[in-house]
Amino acid sequence: GRSLALFDYEIDKKDGQHRYVELSVSLRRDDKGHPIGFYGIIRDVTERKQAEKEIERRQRYLESVLHNAPDAIVTLDASHRIREWNPGAEQIFSYTRDEVVGKDLDDLIAPINVQDEARSITQKVLSGETVLPRETVRYRKDGTEVNVIISASPIIIDGKLQGIVAMYTGITERKRAEEERKILEAQLQYAQR
């Protein structure tokens, strides 16, 4: 004797098409209150369901990209507080996601000696500019220096700044190899004299 609120139901039409419908059903009563049948509303919600599935698929795709990227990908809110910190960021900077979410990125990985450069990049991005890839230095949790290539872009939705996405590629090993090559080349030149 109770009405059923809206609920989704899958159907196959006579022509074989698979559709999603939303239905609500209520009991009909005669003037004495006795049940005499049902009435219902059926609405085709296939397009809405397909759009929901596509949004869910895209979200899983983007989460997979974020999770599996070898580079550090960090998203920040408009106040420059960390919102996302992927496994690549954990690998490069040695902080776990739980340790950093809600904290100011520059305070975390850019100590005093690079603070001005870091704040300059932050201000550019917060003013809507994209920072093209550049080599710089940041610091791990234990205070050790890490050479990185940084790039950053504003996240703008509906014309309003929502935050920042910053990417860091760790290049410490490459820099070390370059230094070793320079030393070997210098030694070779010295030996050839």
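Two strands count as paired if DSSP finds at least two bridges between them. Strands β4 (residues 72–77) and β5 meet that mark, pairing in the antiparallel sense over three bridges. The model is predicted. This briefing covers its sheet, two of its helices and its largest pocket.

**The sheet**
- Five strands make up an open sheet, in the order β5-β4-β8-β7-β6.
- The pairing is antiparallel.
- Strands of a sheet pair through backbone hydrogen bonds, either parallel or antiparallel.
- β5 (82–85) and β6 (131–139) are the edge strands, and each pairs on one side only.
- From one strand to the next, the twist averages 30°.

**Strand by strand**
- Where β4 meets β5, Leu 76 has Ile 82 as its bridge partner.
- β6 and β7 are joined in the antiparallel sense by seven bridges.
- Glu 135 stands opposite Ile 149, a residue of β7.
- β7 and β8 also run antiparallel, with 10 bridges between them.
- Ser 151 faces Met 167 of β8 across that pairing.

**The hairpins**
- Five residues separate the strands in the hairpin of β6 and β7. Gly 143 has a positive phi there, near 90°.
- The hairpin of β7 and β8 has two residues between its strands. Here Asp 158 takes the positive phi, near 55°.

**Helix α5**
- α5 spans residues 112–126, which makes 15 residues.
- From first C-alpha to last, α5 reaches 21 Å, close to the 21 Å expected at 1.5 Å a residue.
- Its buried residues include Val 114, Gln 115, Ala 118, Ile 121, Thr 122 and Val 125.
- The buried residues of α5 pack against α4 (105–109) and against strands β6, β7 and β8.
- Gly 128 follows α5 and has a positive phi, near 100°.

**Helix α6**
- α6 (residues 172–192) lies across three strands: β6, β7 (145–157) and β8 (160–170).
- α6 runs at about 140° to β7.

**The largest pocket**
- Rolling a probe the size of a water molecule over the atoms shows where empty space is left.
- The largest pocket has a volume of about 440 Å³.
- It is lined by 21 residues. Closest to its centre are Leu 62, Glu 63, Leu 66, Thr 75 and Glu 84.
- The elements giving two or more residues to this lining are α1 (46–68), β4, β5, α2 (87–93), β7 and β8.
- α1 gives the most to the lining, with six residues.

Notes: Residues are numbered from 1 along each chain as its sequence is written. This is a predicted model: local features need pLDDT of at least 70, side-chain atom pairs count only at pLDDT 80 or more; totals for chains, interfaces and linings use all residues. Side-chain values use heavy atoms; hydrogens and water are left out. Helices (H or I, at least four residues) and strands (E, at least two) are DSSP runs, numbered from the N terminus. Axes are lines fitted to C-alpha atoms, for helices over the stretch in contact, and angles run from 0 to 180 degrees between N-to-C directions. Contact means heavy atoms within 4.5 Å. The expected span of a helix is 1.5 Å times one less than its number of residues. Buried means under 20% relative accessible area, exposed over 50%, partly exposed in between (1.4 Å probe, protein chains only). On a 1 Å grid over the protein atoms alone, a cavity is a set of points where a 1.4 Å probe fits but cannot get out, and a pocket is an open set with protein on both sides within 12 Å along at least five of seven lines; lining residues have an atom within 4 Å of a point. Grid points are joined across faces, edges and corners, and a volume is the space filled by probe spheres set on the points.
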